[in-house]
Amino acid sequence: MTLHFKTESFRDDFTFSNSPEAIRRFPFPFEKDEYMYSVNIEQHMPGPAKSPFEFPIDIDEHYVAEMHDRALVLEQDPGRCQSLPHMITAEWDLVELLMESMAKHYPEHFQLTRAGDAWHWVNRPLGIDQRFTFGDAATLPRPPMEYITRQCQGDFALLDQRLGNLWMDSGMITGQADWSLDFDIGMNFMEWHAPVPLAKDMGIFERALKFLLNLQQSRPVRRLNWTMTINPRLDTSPENYDKWGRDRTTVTPENVGDKVHLRVELQAMWRLPRSNAIVFSIRAYMISMNELVTVPKWARRFHRVLRDVRGELAEYKGLSRYRDTTVAWLSRYDDGAPTSPGFAPD
């Protein structure tokens, strides 16, 4: 699969946009005209061709631009990548998972050659040609997790399993939706999910944790999560709230289409073979309201979801300041017609 990578930015002049093909493959997260938290975990099986689910690791037209943005974030704040010492085996597990998947499914862009522990990795879009010894961190220019996640779209957390829980002990988190690796590192599953309203009382996290503790090798799972963002900004971290928080006050009826974006996270989880840790990938996709309404079904459905979402969830997701304005703007695209079940645009 030969991809054409766009030159664009996720900050300052915000030149990010989706091609018509990227709009059609957007992982729209609502299968009906309403939304409530649920576990919504399914097997991470190969999906339809040209969809974000076709391959385990999705690479798209925004790849080079996203990797450039990650490098900028790390230059300003190296603490966005952290790993506790006992996670080094899991780091190498992640190197193997990502390199193998990228080379297998995008051979025009990535190549991996292995002769025992002697590995040769080629990343053509980023101009990288690296020979190294698998398991020997001294043979890479950066620690293993940092090295490979500087070359793969999405954020990654490595979760250690012990004491009947999962612990966030390692991560590359540069494009998060208002949470902090620096704050959460070393926390367990229930602790880092504590701020989420309603779901705790519904027992959702207890069920999710029980499921993940029994996650098997070679049987990865996935789910979709969503929020919204003003401007196509990947880095909406608490550390940089002063840069993006005020954007929520800038939405007007005239600029909703350009400024307001639906942000969807494809979250996938794999059991790693050597460390028994779990890698939790968080791949973010963004679509502006102007782009979203080019799909009539999505326009009608998202208007209804956003209009009716419970106040606690709207507050938690940071939508309250601009929700009413966005709902009013979307209403012109909702003719009241019924929508077909499922996520597909047609």
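## The second largest cavity

The second largest cavity has a volume of about 100 Å³. This is a predicted model, and the cavity is a handy place to start looking around it. Its walls are made by His44, Pro52, Pro56, Ile57, Asp58, Gln153, Phe156, Leu266, Ala268, Trp270, Ser281 and Arg283. Sorted by class, those lining residues come out as seven nonpolar, three polar and two charged.

Two strands deserve a look here: E9 and E10 each supply at least two residues of this lining. E9 gives the most, with three residues.

## The largest cavity

How many cavities of 30 Å³ or more does the structure hold? There are two. The largest cavity contains about 140 Å³ of space. It is lined by 15 residues, and Arg70, Gly154, Asp155, Gly175 and Leu234 are the closest to its centre.

Strands E9 and E10 turn up again in this lining, where they and helix H2 (63-76) each supply at least two residues. Which element gives the largest share of the lining of the largest cavity? Helix H2 does, with four residues. The class count for the largest cavity is five nonpolar, four polar and six charged residues.

## The largest pocket

Turning from cavities to pockets, the largest pocket holds about 1100 Å³ of space. Its lining comprises 47 residues, and Ala177, Trp179, Val196, Asn225 and Tyr316 are the closest to the pocket centre. Helices and strands both take part: two or more lining residues come from each of helix H5 (181-184), helix H6 (189-192), helix H7 (204-213), strand E8 (221-230), strand E9 (260-271), strand E10 (278-288) and helix H12 (311-316).

If you want one element to follow through this pocket, try E8, which provides the largest share of the lining with seven residues. By class, the walls of the largest pocket have 28 nonpolar, nine polar and 10 charged residues.

## The second largest pocket

What volume does the second largest pocket have? The value is about 710 Å³. Around this pocket stand 31 lining residues, with Pro29, Phe30, Glu31, Leu224 and Phe343 nearest its centre.

Strand E8 is worth keeping in view, as E8 gives the most to this lining too. Its contribution to the second largest pocket is five residues. The lining of the second largest pocket divides into 19 nonpolar, four polar and eight charged residues.

## A three-stranded sheet

Now for a sheet. Strands of a sheet pair through backbone hydrogen bonds, either parallel or antiparallel. Here three strands form an open sheet in the order E3-E4-E5, with antiparallel pairing. Why is one side of E3 and of E5 left without a neighbour in the sheet? E3 and strand E5 (128-133) stand at the edges and each has a single partner strand, so one side of each has no neighbour there. On average, neighbouring strands of this sheet are turned by 10 degrees against each other, direction ignored.

A helix accompanies this sheet. Helix H3 (residues 88-105) lies across E3, E4 and E5, and runs at about 125 degrees to E3.

## The hairpin of E3 and E4

Let us zoom in on two of these strands. Strand E3 (residues 110-115) and strand E4 (residues 118-123) pair in the antiparallel sense over six bridges. To follow the register across the pair, find Leu112, which stands opposite Trp121 in E4. Thr113 faces His120 of E4 in the same manner, standing opposite that residue.

The hairpin of E3 and E4 has two residues between the strands. In this hairpin, Gly116 takes a positive phi near 65 degrees.

## The protein as a whole

Stepping back, the protein has 13 helices and 10 strands. Its C-alpha trace spans about 60 × 45 × 40 Å along the principal axes.

How does the radius of gyration fit a compact globule? For 346 residues, a compact globule would have a radius of gyration near 20 Å, and the protein has 20 Å, so the value agrees with that expectation.

Definitions and conventions
Residues are numbered from 1 along each chain as its sequence is written. This is a predicted model: local features need pLDDT of at least 70, side-chain atom pairs count only at pLDDT 80 or more; totals for chains, interfaces and linings use all residues. Side-chain values use heavy atoms; hydrogens and water are left out. Two strands pair if DSSP finds at least two bridges between them. On a 1 Å grid over the protein atoms alone, a cavity is a set of points where a 1.4 Å probe fits but cannot get out, and a pocket is an open set with protein on both sides within 12 Å along at least five of seven lines; lining residues have an atom within 4 Å of a point. Grid points are joined across faces, edges and corners, and a volume is the space filled by probe spheres set on the points. Ala, Val, Leu, Ile, Met, Phe, Trp, Tyr, Cys and Pro count as nonpolar, Asp, Glu, Lys and Arg as charged, and the others, Gly among them, as polar. Axes are lines fitted to C-alpha atoms, for helices over the stretch in contact, and angles run from 0 to 180 degrees between N-to-C directions. Contact means heavy atoms within 4.5 Å. The radius of gyration is taken over C-alpha atoms; the globule rule is 2.2 Å times the number of residues to the power 0.38.
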